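Trainee: Could you take me through one part of this protein up close? I would like to look at the nonpolar core and the residues around it.

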Amino acid sequence: MDTTQLLKGVLDVAVLAVVDEEDGYGYDVVRRLRAAGLDAVGDASVYGTLRRLYAAGALTTYVVPSEEGPHRKYYGINAEGRTRLEAERKDWSEFATSVNALLDPEPVKETA
């Protein structure tokens, strides 16, 4: 199954979940998403999602100097982002339950 379209639909909530665990800069968020099993996630998609979530008021940012190169822009979740994350977790859970029920129905029990 090509999961590209599925990933597009859940990238916002996945990014919010990652920065809810711990603040991170763009590539760090990409690395953590891939480590969680979202191997197909693209750098540009994550950077765009971080910028969009920040513009929507769900994330905060701050800059940290780096000894290994340019300063890094970190993203953290704020109260509005946590509210959004909780709502999207609930939506995802309900959606996944419905799809799982369709894909893996309980076997029909034979009656005597």
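Mentor: Happy to; we will start with the core and then turn to two residues, one after the other.

Keep in mind that this is a predicted model. Its largest nonpolar core has 21 residues, and those with the most contacts inside it are Val-29, Leu-33, Val-46 and Leu-59. At least two residues of this core come from each of helix H1 (4-21), helix H2 (26-35), helix H3 (43-55) and strand E3 (72-77). H1 gives the largest share, nine residues. As a general point, nonpolar side chains in soluble globular proteins tend to be buried together.

Now find Leu-59. Beyond its neighbours within four places in sequence, Leu-59 is in contact with Leu-16, Val-19, Leu-50, Leu-53, Tyr-54, Tyr-75, Gly-76, Ile-77 and Asn-78.

From that list, let us follow Tyr-75, which lies in strand E3. Tyr-75 counts as buried because its relative accessible area is 6%, under the 20% cut-off. Setting aside residues up to four places away in sequence, Tyr-75 touches Val-19, Asp-23, Gly-24, Leu-50, Arg-51, Tyr-54, Leu-59, Thr-60 and Thr-61. Try one distance on your screen too: Tyr-75 and Leu-16 are 59 residues apart in sequence, and their C-alpha atoms are 9.8 Å apart in space.

Finally, a word on the annotation: an unreviewed UniProt entry lists residues 15-86 as "domain: Transcription regulator PadR N-terminal". In this model, that span is 53% helix and 19% strand, and its end C-alpha atoms lie 13 Å apart.

Methods:
Residues are numbered from 1 along each chain as its sequence is written. This is a predicted model: local features need pLDDT of at least 70, side-chain atom pairs count only at pLDDT 80 or more; totals for chains, interfaces and linings use all residues. Side-chain values use heavy atoms; hydrogens and water are left out. A nonpolar core is a set of buried Ala, Val, Leu, Ile, Met, Phe, Trp, Tyr and Cys residues joined through side-chain atoms within 4.5 Å. Buried means under 20% relative accessible area, exposed over 50%, partly exposed in between (1.4 Å probe, protein chains only). Helices (H or I, at least four residues) and strands (E, at least two) are DSSP runs, numbered from the N terminus. Contact means heavy atoms within 4.5 Å. UniProt positions are given in the numbering used here, feature names are shortened, and annotations may be inferred rather than shown by experiment.
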